[in-house]
Amino acid sequence: MQPAAQHLQLELYDDPHSEYSAKVKVALHAKGLAWKSLAVPCGSTRSAEFLAINPIGKLPVLVAVFESEVIVEYLEDALPTQQPLLPADPMERSRARLVSRYHDLYLEPALRRLYPQVAPSVRSEAVVQEAAAAFRSRLAELETLLPPGRRFAVTDNHLTVADVGYPALLLYAELILPALGRPEAVSYEGLPRIAAWREALWGHPAVRKVFAELRPAAEEWMEKKLRS
């Protein structure tokens, strides 16, 4: 840990089930940073105490910064030389930001439409069919955004902001879509860049550390939803 990091006291409100909390934690691990996890006041993001911390009422919050993309950018601004999450080249930096924004604005919202459909009691096959097809279409678009021959999204040797949101998203997609009878929507056949990228992400130490907590939490969430 570099000297600047030793004086940066990081405290994180997060949810072990949350994709966006996982995104921040992958970034923290990738930069080699330690943090203290804090319990959400009164156990609710809608409590007055928590809304005083984050008026939007959402997790994660890295005190006192909220929204996952803003938190990741804060970490980079505060500690730019510690395992940088942005490439040095301006064009590659813009590409990294583009792939990161694609996660937040296009691919994750496509998957989020399927979250309520996991529960059989409220499932609509028409919604599942449409949403699964939309997710597959977005996944194919993502394939075209990834440069060929790179191990990670825009680099060969380290994670950037482009990478940190996708492990949790793909993990949830690989749990949800087969459970809804749509495994083809998350198949990597015909998507060689994403397939190779996923393999590299799954092997990265930062992702493995986050998955040690996230995977059992996600599987528990799936089991509960499938029984409802």
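These legends go with close-up views of a predicted model.

**View 1. The stretch that UniProt lists as "domain: GST N-terminal".** According to the UniProt record, an unreviewed entry, this domain covers residues 8-83. In the model, 38% of that span is helix and 13% is strand. Its two end C-alpha atoms sit 15 Å apart.

**View 2. The stretch that UniProt lists as "domain: GST C-terminal".** Here the unreviewed UniProt entry gives residues 89-226. There's no strand to look for, with the span at 67% helix and 0% strand. From one end C-alpha atom to the other is 46 Å.

**View 3. Helix H6 against helix H7.** Two packed helices are described by the angle between their axes and the distance between the axes. For H6 (residues 125-145) and H7 (residues 166-179), the axes come within 13 Å and cross at roughly 145 degrees. The crossing is left-handed. On the H6 side, the contact is made by Ala132, Phe135, Leu139 and Leu142. H7 answers with Tyr166, Leu169, Leu170, Ala173 and Leu177. What classes of residue make up this contact? It's nine nonpolar residues, with no polar and no charged ones.

**View 4. The largest pocket.** This one holds about 430 Å³ of space. Of the 20 residues in its lining, Ser18, Tyr20, Lys58, Leu59 and Arg112 are the closest to the pocket centre. Which helices each supply at least two lining residues? They are H2 (19-30), H4 (68-78) and H5 (90-112). H5 gives the most, chipping in four residues. If you're thinking about the chemistry of the wall, the lining splits into nine charged, seven nonpolar and four polar residues.

**View 5. The largest cavity.** How many cavities of 30 Å³ or more does the count give? The tally is one. The largest cavity contains about 30 Å³ of space. Its lining is made of Glu69, Glu73, Leu86, Arg97 and Val161. Sorted by class, that's three charged and two nonpolar residues, with no polar ones. Two of the helices from the pocket view turn up again here: Glu69 and Glu73 fall in the range of H4 (68-78), and Arg97 falls in that of H5 (90-112). As for the UniProt spans, Glu69 and Glu73 lie within residues 8-83, while Arg97 and Val161 lie within residues 89-226.

Note on methods
Residues are numbered from 1 along each chain as its sequence is written. This is a predicted model: local features need pLDDT of at least 70, side-chain atom pairs count only at pLDDT 80 or more; totals for chains, interfaces and linings use all residues. Side-chain values use heavy atoms; hydrogens and water are left out. UniProt positions are given in the numbering used here, feature names are shortened, and annotations may be inferred rather than shown by experiment. Axes are lines fitted to C-alpha atoms, for helices over the stretch in contact, and angles run from 0 to 180 degrees between N-to-C directions. A crossing is left-handed if the near helix is turned anticlockwise from the far one by less than a right angle, and right-handed if clockwise. Contact means heavy atoms within 4.5 Å. Ala, Val, Leu, Ile, Met, Phe, Trp, Tyr, Cys and Pro count as nonpolar, Asp, Glu, Lys and Arg as charged, and the others, Gly among them, as polar. On a 1 Å grid over the protein atoms alone, a cavity is a set of points where a 1.4 Å probe fits but cannot get out, and a pocket is an open set with protein on both sides within 12 Å along at least five of seven lines; lining residues have an atom within 4 Å of a point. Grid points are joined across faces, edges and corners, and a volume is the space filled by probe spheres set on the points.
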